[in-house]
Amino acid sequence: MKIICLLLLCGAAHTVVGCGIHESQRETLDGLLRNMLDSVKAGNPPNPSVFIALRLARDHNLEREAELFGSLETELAQKLVQGQQIPSGLLALYVMAFRATCRDPKGFEVGGASENLLEILVGKLEAEIENIDATSVPLTNYYQVALDVLALCINKHDVPPGATSAIKKAMKDNLFKHGERFDVDTAAVGVLALQCVSPNPPCIQPTLHQILRAADENGTIGNIYSTGLAVQALSVSQDMIPDNSWDCSLSINRLLKASRDGEFANPQTASQVTPSLEDKSYLNVGEITCKDEISNLTLPELTTAPPPLSPPALIEVSLNITDGVTGSFSDQTLVQVSSGSFLLQALEEARNLLPSIFSFEYETSLFGPYLTTVQGLEASVEDRTYWQLLSGSDPLQQGIGDYIVEDGEKILIILTQY
């Protein structure tokens, strides 16, 4: 496959001054940063997205950042030695993490040998392109394809031309969707990838307009969890969007309010918000110099919360599990859980009551646990199925480990094709 060489163009083309927070709002941002730093010590798997966000921040805790990067290196080395399948998008985040700490991803020491992570990523990206050519869809999804291109580009590495062509075609054919809905996250990363390859390419204009149409009067773009990435994409593309078509400060204030309300308690969601609050984008990863850095972000002393005076009240939640692909089952039950319980706890209670019907399995991702199997029926990348979570008719924006169920709520869990 022919390879084209790309030069990363940094500086003013990628930075829009005035779209971040004011100094008086930094306390909220520092809270998000501290939450991400705390996650390093909380027994969570190391998260390259969190590391990238911490490195893009103005303030740092260099000791904790070094600890996190060391954990990332150990985790990645184990995956490579054991021959584990690493999705292309996850490897792209690792590659970006290496650049964020000024480490060369071309010489990663694994078991006494040197691995070129960039070439491994190119191989995975070419496999994605081959699958698109053969089946019209990537092996994973377009979000990961765009991340792959972005990671190679910010490392000033050659990018297969078929990759940028695939993203452009997906934009033209309106393929950035989750189910039937326009997927703001994928569109935003697609814009960032193509902006890195060649600033302000005309092909991103329709996608930018779609992102703008997904914005509401409060500044949310798509949903609160996609707003951070959307702000990045729009901020680096302001020369291409109509004047007065987007109020950046409105979106920033919406993110700050959601932060204060605790909506970004999950470190992964926080990591997708903080770059925008810092007036940065993933394109700025290529500008990090690692020089004259100061460790000025302190962590508060750990305190033990007093025990509650009384046990929380019990609430009742309806759970419905359905095979929405072949219709092999549809079952429902009511469970009682403590007020403030997560959906995962409600599912565990249902499994305790009806183990043969409400059996389930989950795996851990950067976003936390996600359902893989319900009643023995496994979601499949090959079949392009997943377990969709809804409250009534509304898709949940959080996973089973973060969503807090409410009294009288009806949760639907449906095997769905995408």
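These questions and answers cover selected strands, helices and residues of a predicted model.

User: Which strands stand at the edges of the open sheet with the order 7-8-9?

Analyst: The open sheet has three strands with antiparallel pairing. An edge strand has a single partner strand, so one side of it is left without a neighbour in the sheet. That description fits strand 7 (360–365) and strand 9 (377–378).

User: Which residue stands opposite V374 in strand 9?

Analyst: Strand 8 covers residues 368–374. Two bridges join strand 8 to strand 9, and the two run antiparallel. Opposite V374 in strand 9 stands L377.

User: At about what angle does helix 14 run to strand 7?

Analyst: Helix 14 spans residues 343–353. Helix 14 lies across strand 7 and strand 8. Relative to strand 7, the helix runs at about 155°.

User: Does R351 count as buried, partly exposed or exposed?

Analyst: R351 lies in helix 14. Its relative accessibility is 29%. Buried needs a value under 20% and exposed a value over 50%, so R351 counts as partly exposed.

User: Leaving aside neighbours within four places in sequence, which residues is R351 in contact with?

Analyst: Q388 is 37 residues from R351 in sequence and 18 Å away in space, C-alpha to C-alpha. Contact here means heavy atoms within 4.5 Å. With those sequence neighbours set aside, the contacts of R351 are F358, S359 and F360.

User: How many of the nine residues of strand 5 are buried?

Analyst: Strand 5 covers residues 314–322. The strand is mostly covered. The number of buried residues is seven.

User: In which sense do strand 5 and strand 12 run, parallel or antiparallel?

Analyst: Strand 5 pairs with strand 6 (residues 330–338) over nine bridges in the antiparallel sense. In that pairing, E316 has Q336 as its bridge partner. Five bridges join strand 5 to strand 12 (residues 410–417). L319 stands opposite I411 there, and these two strands run parallel.

User: What is the phi of S136, about?

Analyst: S136 lies in the loop between helix 5 (117–135) and helix 6 (142–154). At 53% relative accessibility, S136 counts as exposed. S136 is not a glycine, yet its phi is positive, at about 75°.

User: Where is N244 found?

Analyst: N244 has a phi near 65°, a positive value in a residue other than glycine. Its relative accessibility is 81%, so N244 counts as exposed. N244 is found in the loop between helix 10 (224–235) and helix 11 (248–260).

Methods:
Residues numbered from 1 in each chain as written. Predicted model: local features only at pLDDT ≥ 70, side-chain atom pairs only at ≥ 80, totals over all residues. Heavy atoms only, no water. Helix = DSSP H or I, 4+ residues; strand = E, 2+ residues; numbered from the N terminus. Buried < 20%, exposed > 50% of the residue type's maximum accessible area, 1.4 Å probe, protein only. Pairing = 2+ DSSP bridges. Axes fitted to C-alpha atoms, helices over the stretch in contact; angles between N-to-C directions.
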